[in-house]
Amino acid sequence: MISPPAGIYVHVPFCVRKCAYCDFYSITDLGLKPAFLSALRAEIAATAAGGLVFDTIHIGGGTPSTLEPGEVEAILALLASRFRFEAPVEITLEANPGTVDRDRLKGFRAAGVNRLTVGVQSFDAANLELLGRIHTAAEAERAVADARAAGFDELGLDMIYGLPDQTASAWAADLERTLAHAPEHLSCYMLTIEPGTPLGRLRDSGRLRPAPDDRVAELFTGTSKMLSARGYRHYEIANFARCDAADCAGAHVSRHNSKYWAYAPYLGFGPAAHSFLPPRRFWNHGNLGRYVEAVRAGEATIAGEEVLTAGQQMTETVMLGLRTAAGVDLSEFARRFGEPAAQACADAAAPFVAQGLLTCARTRCAPTLRGMLVHNRIVEGMVERVGQCLK
């Protein structure tokens, strides 16, 4: 079987300020950019592709829009010189509204970025303050308008819901402001309060009470129904793509992020970046200083790795596949793990089909909307049964 095209991820670890909910690796000392860029160039130059062909590049973080357009252009040029790409190449940059203007966005577009993801998170001033964002609602509106003026016709907006005391009507109003910009893609994430973050400390001290599960479930269901009615396809738990009449199945879907859910290979560059060359997963040092030191010493930037067992691969295939509306392809499951494993997968799905949480045809099991909401419970229930066929 021919391997699907792989993806490249570049982690830019800089932020103007850490958001109150974020536990991704980032730092606020922008003076370290030259050291980072030097190490990144060296890491890319020293990496062999192993025969892989790529068709996506995703520059994430952190806040990649803290880089200069010329710096982004240099990274893309180096990647193009080192690896083989299959056209058309999806090149995505994540941007914070507080770090861009029209000229800067035009520079990113001219550098080769053809898909922009703007981290709006909310158009509500109180929500932005709680989340610790550096931009105002007006700046978010202006950033989206500037992105269109800069020539981005593949525009994604990231939003967060499930905030404490957020009502369904308040979230619907936020979504209405989002839809007024007609983005090609929407990511709507439930707020997760992680330990060690400012919101996590507020929760632990009792000064912040997370939204109750039943309200978050209501918001999740309402989001899907509202966006579906407005022409967006709910193709993954948190992701929606505008549905064009000519191509509802694939239009505007994030090809890069889809690789993670489809178990496709990818290479990651930069501190804390992960790579996956099935069945091997490995990751870089999650500290810029240690990452730079390793590069300067001529050492590998890899901090750890694991080779997944067949059982782990089956577990992850079920877990990732059931995040998507497409679900798990049982024929592909059988090809990789054998017919008994595929039959065990179908058998394990049966109770959840009876509960209306999954639908299973002859060759595919996929979650319903209710199933997406209880994704973890379904996976836990299925994995134990599927794993028994290895014993």
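**View 1. The disulfide between C360 and C365 has a right-handed twist.** The torsion about the S-S bond of C360 and C365 is about 115°, so this disulfide is right-handed. Their two sulfur atoms sit 2.0 Å apart; to count as a disulfide, a pair of cysteine sulfur atoms must be within 2.5 Å. How many disulfides does the structure hold? The structure holds just one. C365 is buried, at 1% relative accessible area, while C360 is partly exposed, at 33%. Here buried means under 20% relative accessible area, exposed means over 50%, and partly exposed is in between, using a 1.4 Å probe and protein chains only.

A quick note before the other views: this is a predicted model, where local features need pLDDT of at least 70 and side-chain atom pairs count only at pLDDT 80 or more, though totals for chains, interfaces and linings use all residues. Residues are numbered from 1 along each chain as its sequence is written, and side-chain values use heavy atoms, with hydrogens and water left out.

**View 2. C19 and C22 are not bonded to each other.** Why is there no bond here? The cysteine sulfur closest to that of C19 belongs to C22, and at 6.3 Å it is too far away for a bond. Starting from C22 instead, the closest cysteine sulfur is the one in C19, again 6.3 Å away and too far. C19 is buried, with 11% relative accessibility.

**View 3. Strand β14 pairs with strand β15 in a three-stranded sheet.** The strands of this open sheet run in the order β13-β15-β14, with antiparallel pairing. β13 (328-329) and β14 (358-360) stand at the edges with a single partner strand each, so one side of each has no neighbour in the sheet. β14 meets β15 (residues 364-367) over three antiparallel bridges, and T359 stands opposite A366 in β15. For the bookkeeping, strands (E, at least two residues) and helices (H or I, at least four) are DSSP runs numbered from the N terminus, and two strands pair if DSSP finds at least two bridges between them. As background, strands of a sheet pair through backbone hydrogen bonds, either parallel or antiparallel.

**View 4. Strand β1 is mostly covered.** Seven of the seven residues in β1 (residues 6-12) are buried. Which residues point which way from β1? A6, I8, V10 and V12 point one way, G7, Y9 and H11 point the other way, and all of them are buried. β1 pairs with β2 in the parallel sense, over seven bridges. Within that pairing, look for G7 opposite T56 in β2.

**View 5. F54, F83, F85 and F269 gather into one aromatic cluster.** The structure has 10 aromatic pairs, where rings of Phe, Tyr and Trp (its six-membered ring) pair if their centres lie within 6.5 Å, with planes under 30 degrees apart called stacked, over 60 edge-to-face, and the rest tilted. Take F54 and F85: their ring centres are 5.9 Å apart and their planes meet at 45°, so this pair is tilted. F54 belongs to β2 (residues 53-61) and F85 to β3 (residues 84-95), so the pair ties together parts that are 31 residues apart in sequence. F54 is buried, at 0% relative accessibility, whereas F85 is partly exposed, at 24%.

**View 6. Two arginines sit over phenylalanine rings.** R281 lies over the face of F276, at 4.7 Å from the ring centre. R109 does likewise over F152, at 5.9 Å from the ring centre. The rule for a charge over a ring is that NZ of Lys or CZ of Arg is within 6 Å of the ring centre and within 35 degrees of the ring normal.

**View 7. H185 reaches Y235 through a polar contact.** H185 is found in β6 (residues 185-190) and is buried, at 5% relative accessibility. The side chains of H185 and Y235 share a polar contact of 2.6 Å; the term covers a pair of N or O atoms within 3.5 Å, where within protein one must be able to donate a hydrogen and the other to accept it, and residues adjacent in sequence count only if both atoms are side-chain atoms. Leaving aside neighbours within four places in sequence, H185 is in contact (heavy atoms within 4.5 Å) with residues including R115, L157, N239 and H252.

**View 8. Q121 sits in strand β4.** Is Q121, part of β4 (residues 115-121), buried or exposed? Q121 is buried, with a relative accessible area of 8%. Not counting residues up to four places away in sequence, Q121 touches Y21, L131, R133, D158, M159 and I160.
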